[in-house]
Amino acid sequence: MCGIIAYTGARQAQPLLLEGLHRLEYRGYDSSGLATLAGSELHVRKRAGRIQDLAHYLRDHPARGVTGISHTRWATHGPANDRNAHPHLSSDQRIAVVHNGVIENYAPLKRQLESDGVVFHSDTDTEIIAQLIARHLDINSTAPEDFIEAVSRTLALLKGTYGLAVLSRRHPGLVLGARLGSPLVVGIGDGENFLASDAGALVGQTARVVYLQDHQLCVLTAKDWHILDSECTRVEAAVHTIDWGPGDADKGAFEHYMLKEIYEQPEALENALRGRLDDADATAHFGGLNLDTQQLRQVDRIILTACGTSYHAALVGEYLFEEFARMPVEVEYASEFRYRNPPIDRNTIVIAITQSGETADTLAALRESKRKGHPTLALCNVVGSSIAREADGGVYLHAGPEIGVASTKAFTNQVTVLAMLALYFGRMRHLSSLQGTRMIRELRAIPDAVRRALSCHDAVRRIAERYSHVANFLYMGRQYLYPVALEGALKLKEISYIHAEGYPAAEMKHGPIALVDEDTPSVFLLPRGAIFDKVMSNLEEVKARGGPVIAVAHEGHEEVTDRADEVICVPDVPDYLQPLVTVVPLQLLAYHIALLRGCDVDKPRNLAKSVTVE
């Protein structure tokens, strides 16, 4: 979950590394550091806290050199302090390492080295890597092949996950990188090369990238790069082009990435829909499914697996597939699915849903499904990511870069892509041409509906001011809006640190109603639909017990206005698209409450954007 950026070329490395770290700070912000090589002189600078703390320190203590590695940390082993910040060095100061991942067998390796007299200087699992490389590398060697062999021998001893960047004092101008279960991407420049844990760190420096695969090692110099397999044999690697620029990864006129990404949702939805709606056949089509129509017709069960916000999108997908494709669907937490052994028949397809394409649990669930012979699809936002590569086929979300830790536009694009997939599967089965045409029309109208939903911003801000002091929130919805209640509660928890829970509204009487009091607001999702009256009855039960009610409803609902303490109006859309408009005010509510409580919206405590470790 940490961020890595490395450079070798002709320019001074420090400013390039710092810029990359700022772009990667959403991956971890407990501490940061860098190491640069000037000739054979190794400069190491690291600080606990945000990257800005490191930047201030470097003003008085610059690190010279045209080769360097750097890191922003999300702590796993050892507290977040200067001692545990990366890079980590070998005891003889020859080797510097930055690492994303977890070395599961570091403890026995550390005990063995300590018994041999090696002194450790941190509490991390990462330091073992630097110490082992130094042990395997002859102290007088300057040959690149020896450095590569020392890294390769070390990797063979490690169990767990890693994305690594390594420097050696005796090998100036050379950066080595390796990955197993943790993403790394090579950035190809002109007379310079980069290594990063995320292509977003390279925006503005190069548009050409190579995504490393598991068990691969990369060798970078200013003028050359190549990829080696686990046997240290050169392998061919495809060069990809990043299709977004610096402006996509900047906040622009917005105060925070999260707010920018909330407002980018209409455009992101247009990108997700573009070219995928087929009027002639009244269906959707996708270029990367890699399964023919006959194979897909044989599918009679779907498993959707995901984590966090993507799991909530999957819950919406369950309703979509059941209504429009009339297919049985199960939604599984990837973290649980990977360790279960459920009976799955041969005509089941497993669809993994992820923003980053690197979520460790989701990737493991996908691999387990493939191992058992089930066809797999991925809904993913990152081209070249591990899940995108390993699935049999997939659909890109086209949401653009999402920097804010709390996901917003990825959720709405996931729901939209799931709706199109439901249309696609439905038209292969029982859905009529007229029904398909109607769905296409409704889907095309949804970006404008989300734009209109954003007009609730001022009303939401005023509501946030009234309730930012409370300690608990309840969120209620039914059918398509139950997952949105879960998502709204998650957003509030993530960035404001207020305890919040989402429930099916009818479940209130089965326990949660005990929590209702005058200091616990309940957010009810009440757009028009077949069970509107049922949810209104639940609202009345909260009001009868003195609980404040915030209602999200369509304009013109006088009954809601009369009964709720606060009303947020959203556009009237079909039931199955209501998640896309009702989630907007919940995102804004969480945002403004977090601001009023003085929280860091884009970098909430203890969280990171991509969960690449268990």
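**Exercise 1. Find the bridge partner of S32 in β4, then work out how β4 sits among its neighbours.**

Start with the pair itself: S32 has T72 as its bridge partner in β4. Keep in mind that this is a predicted model.

Next, look at the strand that pairing belongs to. Strand β2 (residues 31-38) runs antiparallel to β4, and seven bridges join the two.

Now check for another partner. Strand β1 (residues 3-8) also pairs with β4 in the antiparallel sense, over six bridges. One place to see this is A6, whose bridge partner in β4 is I69.

Finally, ask how covered β4 is. Strand β4 spans residues 67-73, and seven of its seven residues are buried. Split them by direction: T67, I69, H71 and R73 point one way, while G68, S70 and T72 point the other way, and all are buried. That puts both I69 and T72 among the buried residues, pointing opposite ways from β4.

**Exercise 2. Work out which residues of helix α15 are buried, and where they lie around the helix.**

First, list them: in α15 (residues 457-467), the buried ones are H457, V460, I463, A464 and Y467. Looking down the helix axis, these buried residues fall within an arc of 125°, so they line one face of α15.

The spacing in the list fits a simple rule. An α-helix has 3.6 residues a turn, so residues three or four places apart point the same way.

Then ask what lies over that face. The cover on the buried residues of α15 includes two helices, α6 (257-263) and α19 (578-596), along with strands β23 (472-477), β26 (549-554) and β27 (566-570).

**Exercise 3. Decide whether V331 is buried or exposed, and list what it touches.**

Locate it first: V331 is in strand β19 (residues 329-333). Its relative accessibility is 16%, so V331 counts as buried, the cut-off being under 20%.

For contacts, set aside neighbours within four places in sequence. V331 is then in contact with L304, Y311, A314, L315 and E318.

As a distance check, go to G317: V331 and G317 are 14 residues apart in sequence, and their C-alpha atoms are 8.7 Å apart.

**Exercise 4. Do likewise for R301: which strand holds it, and what does it touch?**

R301 lies in strand β18 (residues 301-306). With a relative accessible area of 13%, R301 is buried.

Now go through its contacts, again leaving out residues up to four places away in sequence. R301 touches M327, P328 and E330, and also P343, I344, D345, N347, T348 and I349.

Definitions and conventions:
Residues numbered from 1 in each chain as written. Predicted model: local features only at pLDDT ≥ 70, side-chain atom pairs only at ≥ 80, totals over all residues. Heavy atoms only, no water. Buried < 20%, exposed > 50% of the residue type's maximum accessible area, 1.4 Å probe, protein only. Helix = DSSP H or I, 4+ residues; strand = E, 2+ residues; numbered from the N terminus. Arc of directions from axis to C-beta. Contact = heavy atoms within 4.5 Å. Pairing = 2+ DSSP bridges.
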